[in-house]
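This briefing concerns the nonpolar cores and the salt bridges of one protein chain. Please consult the sequence and the structure shown below while reading.

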Amino acid sequence: MARLRLTLIFATLLSVSCIASAQDAPDITFLSGDAARVAIVDESVEPYFSLLCHHEMEVKSGIAIEGDTLEEQQAFFAQHYADCVRDFTDEEEEALSTIVGLTDSLVKFDYPGFAAQPWSFIKVTSGVERGLPHTRGRSIVLAEGVLDFIVNARSDDRDAMHRMVMAKVELMLHEQMHVVQRLNPEPFAAFYTEHWGLVHVETIEYGDELTAMQLINPDGVDTRWVRYVGTPRDARYLQPNIVIERFENRPSRMPHDFRQVAVELRLDDDGVWRPVIDAEGQPVYTPLHDEPGYTAHYSPSGNIYHPHESFADLFAKMVLNDFGSYPEPGFTDDGAGQAQAAAFRAAVAPVRAMMHAVFGEAQGEGAEGE
């Protein structure tokens, strides 16, 4: 089966060079120079730099952040990101075009509205988000290390090569989904409420301890999502989030010191949600994966600290599964494997239905809504 899948994948890869000049080829832009530097700091679509705190800017950049005020520090940080922009090489553009072409071939028939969203890429050094892939505005931001993997990762072992190619496709599906989510917020917000039981609240105020651990995810800057768990007698309201653990004897590291947490919230009389405080005066939060009342909807996704991440993760895995490439080498035939397969089908069924309903038809120039 693996050999058959690999043959089909590489047949598609070989056809991409022919697709490149065809009328329905993916719309790809490789931003460079001033255009890329402007795009990476632009906040016209969604804020980012103006939300950051001093500690997370140091962790994400790996440098000392200068400035007397928070606004000056944010401006310094944004300029650092602009300074980290680099131009793509011809080899990088060719490799990305090939992977995008393959990715497009896997989604354009079932989800033409998604496939219609133009692709835009920005290249940076590891001084941006410590080299992690992410998105800004309409662009996918890739560090030099990730591009090295996309260009050079290969193997003489056919199954290993298949896994490498599929890892690149999964990355493209996941990151492009974040662009689509940002440009089409309404259907995703409706999905999170209807299918995952999340409520989008007006205001959440953290205390000093949690604020000091703040981490703004560039692919999910709005964290005002709350889920009710428990029973009427033991009602609990959890906010999924991701924070940076802090240490007295060493700097925090990215992403090693990231922690997915469930912050227990209460709704105060002034209409503001705040953390529940324990008997010692500390905010109550637990490891997110230790909360089965929250995690049940997202199997097999491990990125569940923001609904955008959960949806992107499940969508990418669903597409690969449809083409026999997730999981590798497949669900086992025993009871545990069948239970995993059933959980996977249950998790992706509403994702599939939503994507067919909203993006099952081409939407003109890109998937962006009005």
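A residue counts as buried when its relative accessible area is under 20%, as exposed when that value is over 50%, and as partly exposed in between. The structure discussed here is a predicted model. Its largest nonpolar core has 49 residues, and a search of the whole structure finds 18 salt bridges.

**Nonpolar cores**

- Within the largest nonpolar core, which has 49 residues, the members with the most contacts inside it are Phe 114, Leu 173, Trp 196, Phe 311, Phe 315, Val 351 and Met 355.
- Helix 12 (residues 307-322) supplies the largest share of this core, namely 8 residues.
- A second core, separate from the one above, consists of 20 residues and includes Tyr 81, Val 128, Ile 216 and Val 221.
- Leaving aside residues up to four places away in sequence, Met 355 touches Tyr 111, Phe 114, Met 177, Phe 311, Phe 315 and Gly 360.
- In soluble globular proteins, nonpolar side chains tend to be buried together.

**A salt bridge between parts distant in sequence**

- Glu 46 and Arg 182 form a salt bridge in which the closest N and O atoms are 2.8 Å apart.
- Glu 46 belongs to the loop between helix 2 (33-41) and helix 3 (54-61), whereas Arg 182 belongs to helix 8 (residues 158-183), so the pair ties together parts that are 136 residues apart in sequence.
- Glu 46 and Arg 182 are both buried.

**A salt bridge with one buried and one partly exposed partner**

- Asp 257 and Arg 253 meet through their side chains in a salt bridge, with an N to O distance of 3.6 Å.
- Asp 257 has a relative accessible area of 1% and is therefore buried.
- Arg 253 has a relative accessibility of 42%, and therefore counts as partly exposed.

**A salt bridge within helix 12**

- A further salt bridge joins the side chains of Asp 313 and Lys 317, at 2.7 Å from N to O.
- Both residues, Asp 313 and Lys 317, lie in helix 12 and are 4 residues apart, which is about one turn of the helix.
- Asp 313 is buried, because its relative accessible area is 5%.
- Lys 317 is likewise buried, because its relative accessible area is 11%.

**A salt-bridge network**

- Glu 205, Arg 266, Asp 268, Asp 270 and Arg 274 are joined into one network by salt bridges that share partners.

Technical notes:
Residues numbered from 1 in each chain as written. Predicted model: local features only at pLDDT ≥ 70, side-chain atom pairs only at ≥ 80, totals over all residues. Heavy atoms only, no water. Core = buried A, V, L, I, M, F, W, Y, C linked by side-chain atoms within 4.5 Å. Buried < 20%, exposed > 50% of the residue type's maximum accessible area, 1.4 Å probe, protein only. Helix = DSSP H or I, 4+ residues; strand = E, 2+ residues; numbered from the N terminus. Contact = heavy atoms within 4.5 Å. Salt bridge = Lys/Arg side-chain N within 4 Å of Asp/Glu carboxyl O.
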